[in-house]
Amino acid sequence: AWTAEGTVCFNRDYLAPTLRSRHPEVKLYLGTFNTNRRDHVEKILSDGELRKSIDGIAFQWEGREILPEIRRQYPDYHYICSESECGNGSMDWKAGEHTFFLISDNAGNGCDEWFNWNFLLPDNGTSPWGWKQNALIRVDSKTGTITYTPEYYAVKHFCNQVVSGTRVLQYKEKGEDNLSVIAFLTPEGKYLIVAGNYGDVAQQMTVQLGEKYLNVTLQAHSFNTFIVK
């Protein structure tokens, strides 16, 4: 419901100066943008005074679709995924694959933070207003037992080894071959190859790392992390 003019006015004239005055340690991120209307975001960012007031830009859901072009125009900002897609309560492997793809695409296109929605939910994740959502951990409300969902393991493939200071070297987005691949370099000099095969058949993958080659088979519908020292 925010207009471009209202977004500029609120952040530039009110929120940014108030934060600088009262909490200079707090960073201001513009958004969150849940829209693939690039013209709307570009109109907001065309205000030079506003751009001086922000530290980064936050995208969620459909905003992911315009992230690469906005980052190309404004490469010096930090970019974050401020809210992941929350699913429909299925908490199944298909949902895990979708989350794995979303993290790959956001990280590969420049987001250095990812906020998952939700962490833990009971049963099929139905909210008080009837919206079923997914979570990383599912709790049986009758027995109290927990289940780590496929999305938990999708997230783990990124947060278990990709530590602070890790750089993205190259990203291959999901195409007709149903593979997505990200090559990371950690501060310790280790290569991390995080790859997903979303197809129904196993596929060969070859990644060149300097003078070395990683040749592996990715099983159908699988998440994979390879560490190369």
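A residue counts here as buried when its relative accessible area is under 20%, and that cut-off will be needed at several stops of this tour through a predicted model.

Begin by selecting tyrosine 77, whose relative accessible area of 17% places it among the buried residues because the value lies under 20%. Add tyrosine 74, which at 16% relative accessibility also counts as buried. A search of the whole structure finds eleven aromatic pairs, and tyrosine 74 and tyrosine 77 form one that is tilted, with 6.4 Å from centre to centre and 45° between the planes.

Stay with the aromatic rings and select Trp93, Phe100, Phe101, Phe158, Tyr198 and Phe223, which ring pairs link into a cluster.

Next, select helix H5, residues 93-108, and look along its length: at 1.5 Å a residue, its 16 residues should span 22 Å, and the end C-alpha atoms are indeed 22 Å apart, which agrees. If you colour H5 by accessibility, the helix should appear mostly covered, since 13 of its 16 residues are buried. Following the chain beyond H5 brings you to glycine 110, whose phi is positive, near 110°.

Now move to helix H1, residues 4-22, where the same kind of check can be made: the 19 residues should span 27 Å at 1.5 Å a residue, and the end C-alpha atoms are 26 Å apart, in agreement with that expectation. Where in H1 is the kink centred? Centre the view on asparagine 11, for the kink there amounts to about 35°. Asparagine 11 is also one of the buried residues of H1, and the others to display with it are Ala4, Thr7, Val8, Ala16 and Leu19. To see what these buried residues pack against, show strand S1 (29-33), helix H2 (38-45) and helix H3 (48-53).

For the last stop, select the three strands that form an open sheet in the order S5-S6-S7, with mixed pairing. Strand S5 (120-122) and strand S7 (146-148) stand at the edges, and each has a single partner strand, so one side of each is left without a neighbour in the sheet. From one strand to the next, the twist averages 25°. Within this sheet, turn to strand S6 (residues 137-139), which runs antiparallel to S7 and is joined to it by three bridges. Display valine 139 together with the residue that stands opposite, isoleucine 146 in S7.

Notes:
Residues numbered from 1 in each chain as written. Predicted model: local features only at pLDDT ≥ 70, side-chain atom pairs only at ≥ 80, totals over all residues. Heavy atoms only, no water. Helix = DSSP H or I, 4+ residues; strand = E, 2+ residues; numbered from the N terminus. Expected span 1.5 Å × (residues − 1). Bend = angle between axes of the 7 residues up to and from the residue. Buried < 20%, exposed > 50% of the residue type's maximum accessible area, 1.4 Å probe, protein only. Contact = heavy atoms within 4.5 Å. Pairing = 2+ DSSP bridges. Axes fitted to C-alpha atoms, helices over the stretch in contact; angles between N-to-C directions. Phe/Tyr/Trp six-rings, centres within 6.5 Å; stacked < 30°, edge-to-face > 60°.
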